[in-house]
Structure formats: structure tokens, C-alpha cells
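Work through the following exercises with the sequence and the 3D structure at hand. Try each task before reading its solution.

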There are 2 protein chains.
Amino acid sequence: MDEDVLYHLDLGTKTHNLPAMFGDVKFVCVGGSPNRMKSFALFMHKELGLGDDGDDMKDICAGTDRYCMYKAGPVLSISHGMGIPSISIMLHELIKLLHHARCCDVTIIRIGTSGGIGIAPGSVVITDTAVDSFFKPRFEQVILDNIVTRSTELDKELAEELFDCSKEIPNFPTLIGHTMCTYDFYEGQGRLDGALCSFSREKKLDYLKRAYKAGVRNIEMESTVFAAMCGLCGLKAAVVCVTLLDRLDCDQINLPHDVLVEYQQRPQLLISNFIKRRLGRREQMS
Amino acid sequence: MDEDVLYHLDLGTKTHNLPAMFGDVKFVCVGGSPNRMKSFALFMHKELGLGDDGDDMKDICAGTDRYCMYKAGPVLSISHGMGIPSISIMLHELIKLLHHARCCDVTIIRIGTSGGIGIAPGSVVITDTAVDSFFKPRFEQVILDNIVTRSTELDKELAEELFDCSKEIPNFPTLIGHTMCTYDFYEGQGRLDGALCSFSREKKLDYLKRAYKAGVRNIEMESTVFAAMCGLCGLKAAVVCVTLLDRLDCDQINLPHDVLVEYQQRPQLLISNFIKRRLGRREQMS
């Protein structure tokens, strides 16, 4: 291709010097909410001691409102919206960006929110394997009119390393478990409070308990395609989500605002510690 | 339920007077991009002659960055992000909102952008039937671990009425056709320029030509679930998308900025004319 336009990021190989802009990136953190990914970038900027207060940090994708992107030293922070299709568009264009920028040894981590199953709200789940609605470790990608099944395994060593980091943070409930990824927040996750609901509370609980038995500890909407695409493209990947409620108890998220904010910061805190540890180790080696 | 929290809209039955805020809504317009839905609300505000210049129009969902929502008289304008899961969360909460607000006779229209097949870029496609990647008029909803197939038919009279409106606008290429809805922008739509691509140009063209033969004139990522949910909830629904490229010619969108902006305004212009016609007719009747 003469030119590659990364349409949904409003970047391109002819309009931007991608190696100069992104060549030093070693960590990519992605999450659904634009505001949260901006907060994370500002937090990393501060934690890495990158000079001024970061107030002038600009959205690199300001020319589009599909995604937002911020950079703090070697850390790129990008929003991906909600659901498999939304994150998959971003990942295609991000992976091409990393290629054009000639980045190497990149670690990519999704930090998000989720519904827990049988664990206390506020727990942080590090995903070992992402599973679909049938508790299977697979992502079914439609290619033209064929369905291709892809593996959703994540990097086991990276998950263990993150779990180690979590132990250094006081009062930080963390576990490793399967994460179920659905196409829908309401019917697909067994919620009784959507605009449409055709099943009973008993059927819901039966489903969620079977999920628990299969090793699922939380539910979100992006992990399978994230694991599949990163795996195929050789990126070491992890998923770290905090749970906002226990789905065995309720369907609606109605935590007090300050509690919600504190919970949402937990994955950020863990990843910040992880990145600082990795960078410290690299400095010692050099 | 004692209280219904519409979490992703940051609205609720206890925190907001939904009938007072939304009781007069007759038209709901939804689209992927937050900026475009704000522009549309400002445009409707002006077109309906609603007093001041609308500059102080506020995002009703400002407390969350998942979606944005604006109101111009009887017109509600809401963003839904990209892809089936993202629009489905919004629709669940919107449909509950309309119910709590006791709205009646609501018409809902998705205005968006799409890739065309065998038609000139800039054409406006009014969807008669939304089809999936296999050209079938169905939406497969996963409910717990069952797959339920739902109809994706849209309101035929509404589509005809919109087509009539289009004839009154000069130089406004419009057609009625099938719209294919995919879970992915790259592999799922036969693009050769994604981070992953396992098929040839020949296979791509064969697929898109078969789609054309099956009646598909454009491709986007939300229409099947939109048609299915609105149909089940008794909302008269339409999908009106402009095409930004002809997929038989290319994969990348690289229109000059001003052309892109003009194309994106076409569905807005059509819907504005439709709403003004409907409101004029209602005034004559009263």
C-alpha cells in the first residue's frame, strides 16, 4: 500500500511520522471509557515523573470522536468503546500503527470494569483465559461468510507477574480466573432488568452458577477478541478488570459515586505498579 | 423494581423526572458518532425554529462518557458508539427511558455512515431489511447460553415515506435496499487492509458481488440488532445511511474532508425534512 489511513484513529502513514510519534512505546493500555483512559495517562505521567504536571496532555486522536489516545512516555493509553466490534476496529488500527512505528517488545493490557460472579465487588480479576457465552475458550470470527474459530489464551507469565504485583499493594483483593465475554450487557449476561427479558430469576442463577463452576469469575464484553487478535499478532496481552457488583446478588450497578471511582482506579493502580517495576528492572539491566 | 438506574445513560427513575424531561419526545435519532449527533440536534433546533441559537444545548448524559444525548423539542438525538453490543446497551436503556417517560407514537431512526456496494459514494440508502453476514434477514441473540433468532424487518411504510421525502431534495441520490450488518469492519466486511487478512482480492470481490446479488446495497455494523429490538418493542424504525465509498472499488475511506462532511450531513438533511413534514401534517390536523 502506498498510504495506510488509520481511519478511526485519524492517523496515517503519509500525514503522520508514526515512528517518531510512537517508536518508543513499550506498554499499551486500553479500556472502554475515554475519560478513564485520559485519567490513566495523566496518572502514569505523574507516576513516571515525566516533568510538568501533564495538564497539556493532548488527545492524539482529537480529529475523530471514535476513540481517544494519550501518551505518557513509553505508555500509550487508548479507549476502545464497548463491545467486541468496537474494540476490534481499534485493535486492527492500533496493531498497524505499532507495525508502521516499528515498535518492538510491546505489552498490551486491557483495564476495565466487569460484573463479578461469586466474588466481592471491588475485586480485581486477572484473566487467565477468556471464554465465550458457552464457557468455551474461543472467539468465532466471521470472515466473509465463513466462521473461523480462534484461541483466546492470554500470556500466562504476564498474568502471574501481574498477580505478584498485586500482592505488594495493601488491601487489594485480586484473583486469577476465567473471564466470560458476551455480545450483550442485558439478555446475554442474564440480566432481568433490560427492555427485553424472556427468562426467570431461576434460569439466570442457574446460568451464572454454571459459569462459576466452569471457572468464570467475571463478565465483560471485549476479552475474547482482544485475546484472539493480540495472540495472532504476537503481542503479549493481559486483561485486568475490577468487578462492580456480584451478579449472584443483583443486576444493577448502584454503588455510591466515590466507591465506584475508587474501584475503577484499582486496575490502573495495579498496572502502574507493574509498569514501574518493569521499567526499574530495565534500568538496572542497562 | 423500586428504582431503575439507566447506568450507561447516567439517568434513573429516582434521580430524574423522566416524564417531565422526555414525555414530549416523538422522534428519536441515533447514530454512532457523538459529535455528529450533537450537530444533528443543533441542526434540528434551528430547523424547528426553537428560539435561541441552541448554543447552550447540553449533553443530557454528561455524567457518563459512554453515550451522549441532546434534545431539540420533540426530537431526541443520541450516540450509540460502534457495533451491535454498543448500540444494544443504549437501546435497552433508551426503550426503558421511553417507557418510564410514558412516550407514545415514537418513531426511531438510525442515521449513519456505511460502505456501499455497486453504488456511487454519497448515495443515501434507506434500509428495507437488515441482513447478517450470510445475507439472512435475522439477528441471532445469545440469551444465557441459547441462541434465539429474531426478525430484522423494518417498517415498510416509514421507508417509503422517507424515500418520498428524498425526492423533494435536489441532487440527492437515494435508494431503498438491503443493508448488511457485520460484527467487524475489517475481516468481516472483506477488507484487505486490516491487521489480519487471510483471503485474496478475488474472494473479497466474490463475496461482495454475492451480497449485491442478494440485494445488499450497503454495509454497516448496527442495523440487525436495531431492527430486531425496535420491532420487538413496537417502535416504528428506519435505518438511513450514506455510503462513503464503493467497496467494489476500494477498502480505505480517503475522501477530502469537506466531501466527507457533506456526505455525513445527507442523512441528517433527509430526516430533518421528514420530521418537519410530519410535524406540519400534525399541525394541520389539530
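The exercises below deal with the interface, the cysteines and some single residues.

This is a predicted model, in which local features need pLDDT of at least 70 and side-chain atom pairs count only at pLDDT 80 or more, while totals for chains, interfaces and linings use all residues. Residues are numbered from 1 along each chain as its sequence is written, chains are lettered from A and ligands numbered from 1 in the order in which they are written, and side-chain values use heavy atoms, with hydrogens and water left out.

**Exercise 1. Describe the extent of the contact between chain B and chain A.**

Step 1. Contact means heavy atoms within 4.5 Å. Chain B brings 63 residues to the contact, and chain A brings 63 residues.

Step 2. Buried area is the accessible area (1.4 Å probe) that two parts lose on being put together, summed over both. Between chain B and chain A about 5300 Å² is buried, and carbon and sulfur atoms give 61% of this area.

Step 3. B:Met82, B:His92 and B:Leu144 supply 15% of the area that chain B buries against chain A, more than any other three residues.

**Exercise 2. Find the polar links across the interface and the elements of chain B that take part in the contact.**

Step 1. A salt bridge is a side-chain nitrogen of Lys or Arg within 4 Å of a carboxyl oxygen of Asp or Glu. The rule finds 4 salt bridges across the interface of chain B and chain A. A:Glu187 and B:Arg150 form a salt bridge, with their closest N and O atoms 2.6 Å apart.

Step 2. Helices (H or I, at least four residues) and strands (E, at least two) are DSSP runs, numbered from the N terminus. Among the elements giving two or more residues to the side of chain B that touches chain A are helix 2 (34-47), helix 3 (84-100) and strand 8 (138-143) of chain B. Helix 3 of chain B gives the most, with 9 residues.

**Exercise 3. Count the disulfides and account for A:Cys68 and A:Cys104.**

Step 1. A disulfide is a pair of cysteine sulfur atoms within 2.5 Å. The count over all chains is 0.

Step 2. The cysteine sulfur closest to that of A:Cys68 is in A:Cys61, 7.5 Å away, which is too far for a bond. For A:Cys104 the closest is in A:Cys103, 7.5 Å away, again too far for a bond.

Step 3. Buried means under 20% relative accessible area, exposed over 50%, partly exposed in between (1.4 Å probe, protein chains only). A:Cys68 has 6% and is buried, whereas A:Cys104 has 44% and is partly exposed.

**Exercise 4. Which residues does A:Arg266 touch, not counting residues up to four places away in sequence?**

Step 1. A:Arg266 lies in helix 7 (residues 257-285) of chain A and is buried, at 13% relative accessibility.

Step 2. Leaving out residues up to four places away in sequence, A:Arg266 touches A:Gly122, A:Ser123, A:Val124, A:Phe172, A:Pro173 and A:Val242.

**Exercise 5. Place A:Leu144 and B:Arg102, and state whether each is buried or exposed.**

Step 1. Most residues other than glycine have a negative phi. A:Leu144 has a positive phi near 50°, and B:Arg102 has a positive phi of about 55°.

Step 2. A:Leu144 is in the loop between strand 8 (138-143) and strand 9 (146-151) of chain A. B:Arg102 is in the loop between helix 3 and strand 6 (107-116) of chain B.

Step 3. A:Leu144 is buried, at 5% relative accessibility, whereas B:Arg102 is exposed, at 64%.
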